[in-house]
Amino acid sequence: QVQLVESGGGLVQAGGSLRLSCAASGSIFSIGAMGWYRQAPGKQRELVATITSGGSTNYADSVKGRFTISRDNAKNTVSLQMNSLKPEDTAVYYCAADVQAAGGITIKDYWGQGTQVTVSS
């Protein structure tokens with residue numbers, strides 16, 4: 001069984017910073033792409049940023065220049081440094097990863113439970 005656990009959400013004023021972390025654990029053979037998504041009330045879940053196992057990154061236009069995604073392959077973790085936060089960044093943030101479980105053949109998408117980020121104006 002593979003689990004993703006996020007941490008680091010909270011309440012911050014506009015212009016502030018937060019750092020989200022996500023740790024993958026369980027019977028893992030390998031992890032491909034990892035990423036962060038978010039869902040605001042009444043809106044669809046959207047991509048925030050992704051990073052490949054080789055370190056290539058992709059960002060939503062709305063967060064470029066403000067957010068930075070990184071990962072530690074040895075620790076199976078991915079982080080999201082969020083700077084210059086805006087009220088419109090308020091959402092539940094989810095960690096996701098493409099994981100091949102130990103003893104398995106296929107790669108499956110796994111998701112964390114989500115962590116709330118609230119940015120006050």
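# Reading a chain of strands

User: How far apart are the mean positions of the positive and negative charges in the protein chain?

Analyst: You average the places of each kind of charge, then take the distance between the two averages. Here the protein chain has 10 positive and 8 negative charges, and their mean positions are 2 Å apart. Lys and Arg count as positive and Asp and Glu as negative, with His and the chain ends not counted; the place of a charge is NZ of Lys, CZ of Arg, CG of Asp or CD of Glu. Keep in mind that this is a predicted model, where local features need pLDDT of at least 70 and side-chain atom pairs count only at pLDDT 80 or more, while totals for chains, interfaces and linings use all residues. Residues are numbered from 1 along each chain as its sequence is written, and side-chain values use heavy atoms, with hydrogens and water left out.

User: Okay, how many helices and strands does the protein chain have?

Analyst: Zero helices and eleven strands. (Helices, H or I of at least four residues, and strands, E of at least two, are DSSP runs numbered from the N terminus.) Walk along the sequence and you read β-β-β-β-β-β-β-β-β-β-β.

User: What does the radius of gyration say about the protein chain?

Analyst: You set it beside a rule for a compact globule. With 121 residues, that rule gives a radius near 14 Å, and the protein chain has 14 Å, so the two agree. (The radius is taken over C-alpha atoms, and the rule is 2.2 Å times the number of residues to the power 0.38.) Along the principal axes, the C-alpha atoms fill a box of roughly 50 × 25 × 20 Å.

User: What percentage of the residues is buried, and how much area does the chain expose?

Analyst: Of the 121 residues in the protein chain, 39% are buried. Buried means under 20% relative accessible area, exposed means over 50%, and partly exposed is in between (1.4 Å probe, protein chains only). The exposed area is about 6,400 Å², with carbon and sulfur atoms supplying 48% of it. (Areas come from the Shrake-Rupley method with a 1.4 Å probe; for residues, only the protein chains shown count as cover.)

User: Which rings form an aromatic pair?

Analyst: You look for rings with centres that lie close enough, then check the angle between their planes. A search of the whole structure finds one aromatic pair. Tyr37 and Trp111 form it: 5.0 Å centre to centre, with 55 degrees between the planes, which makes it tilted. (Rings of Phe, Tyr and Trp, its six-membered ring, pair if their centres lie within 6.5 Å; planes under 30 degrees apart are stacked, over 60 edge-to-face, the rest tilted.) Tyr37 sits in strand β4 (residues 28-39) and Trp111 in strand β10 (residues 107-111), so the pair ties together parts that are 74 residues apart in sequence. Tyr37 counts as partly exposed at 21% relative accessibility, and Trp111 is partly exposed too, at 37%.

User: What should I know about phi?

Analyst: Most residues other than glycine have a negative phi. Now try Asn76: not a glycine, yet its phi is positive, about 55 degrees. Asn76 lies in the loop between β7 (67-72) and β8 (77-82) and is partly exposed at 23%. Ser84 is not a glycine either, and its phi is about 50 degrees, also positive. Ser84 is in the loop between β8 and β9 (91-101), partly exposed at 41%.

User: Which residues does Thr115 touch?

Analyst: A contact means heavy atoms within 4.5 Å. Not counting residues up to four places away in sequence, Thr115 touches Glu6, Gly9, Leu20, Ala91, Val92 and Tyr93. Thr115 and Leu20 are 95 residues apart in sequence, but their C-alpha atoms are 8.5 Å apart. Thr115 is in strand β11 (residues 115-120) and is buried at 12%. For the whole chain, among contacts between residues at least 6 apart in sequence, 56% join residues at least 24 apart.

User: Is Ala96 buried or exposed?

Analyst: Buried, at 9% relative accessibility. Ala96 is in strand β9, and its contacts beyond four places in sequence include Tyr37 and Trp111.

User: Where are Thr50 and Glu46?

Analyst: Thr50 is in strand β5 (residues 46-51), and Glu46 is in strand β5 as well. Thr50 is buried at 18%, whereas Glu46 is partly exposed at 37%. Beyond four places in sequence, Glu46 is in contact with Tyr37 and Arg38, and Thr50 has contacts that include Tyr37 and Ile69.
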